[in-house]
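Welcome, and please open your viewer with a cartoon display ready. We will go from one selection to the next and say what is there at each stop.

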Amino acid sequence: MADILRVLPLSWLSGLQKVAEILTKTFLVSPSQKTKLIHASERSVDDKTYYTFEFTAQVPNYARHAITAVCIGNGKFFTLTNGEKMKDRLHTVVDSFQTFNVS
């Protein structure tokens, strides 16, 4: 899937909810963890789409609550993730997250 993401926009995955679910389960948590999507949004800046989503990941003895921003820029897959403890500050950081074109 990583090779596909280098050449196709994430939107090909048919919807924001599906993008968040696939990226969470494929790249952000262990396959043994159960995930639950809480919120997802997308924004476009300079012809790049940024996906932001909040999710929980559960294992038998531990739960993790995270907020993530993802984007593909310069042929690379970028993620920014942090936990709920700094939720308000992280939303500010995630909302300003951008990649720049490199020649």
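Start by selecting β3 and β4: these two strands run antiparallel and are joined by eight bridges. Keep in mind as you look that this is a predicted model. Within this pair, pick Ala66 and look across to β4, where Gly83 is its bridge partner. Then move to the turn: β3 and β4 make a hairpin with two residues between them, and Asn74 in that turn has a positive phi of about 55 degrees.

Next, add β2 to the selection. Nine bridges join β2 to β3, and the two run antiparallel. Here too you will find a hairpin, with two residues between β2 and β3. To see a facing pair, show Val59, which stands opposite Tyr62 in β3.

Now bring in β1. It pairs with β2, residues 48-59, in the antiparallel sense over 11 bridges. Two pairs are worth labelling: Thr35 has Ala57 of β2 as its bridge partner, and Val45 has Lys48 of β2. What has a positive phi in the turn of the β1 and β2 hairpin? Select Asp46: its phi is about 50 degrees, and the hairpin has two residues between its strands.

With the four strands on screen, zoom out. They form an open sheet in the order β1-β2-β3-β4, with antiparallel pairing. Why do β1 and β4 each have one side without a neighbour in the sheet? β1 (34-45) and β4 (76-83) stand at the edges and each has a single partner strand, so one side of each is left free of a neighbour in the sheet. Turn the view to look along the strands: neighbours in this sheet are turned by 20 degrees against each other on average, direction ignored.

Then select residues 16-28, which are helix α2. This helix packs on the sheet and touches β1, β2, β3 (62-73) and β4. Its direction makes about 120 degrees with that of β1.

While the side chains are displayed, one rule helps with reading the strands: in a regular strand, side chains alternate between the two faces of the sheet.

Finally, show the whole chain. Following it from the N terminus, you meet the elements in the order α-α-β-β-β-β-α, which come to three helices and four strands. Colour by burial and you will find that 31% of the 103 residues count as buried. Switch to a surface for the last view: the accessible surface comes to about 6600 Å², and 53% of it belongs to carbon and sulfur atoms.

Conventions:
Residues are numbered from 1 along each chain as its sequence is written. This is a predicted model: local features need pLDDT of at least 70, side-chain atom pairs count only at pLDDT 80 or more; totals for chains, interfaces and linings use all residues. Side-chain values use heavy atoms; hydrogens and water are left out. Two strands pair if DSSP finds at least two bridges between them. Axes are lines fitted to C-alpha atoms, for helices over the stretch in contact, and angles run from 0 to 180 degrees between N-to-C directions. Contact means heavy atoms within 4.5 Å. Buried means under 20% relative accessible area, exposed over 50%, partly exposed in between (1.4 Å probe, protein chains only). Accessible areas come from the Shrake-Rupley method with a 1.4 Å probe; for residues, only the protein chains shown count as cover.
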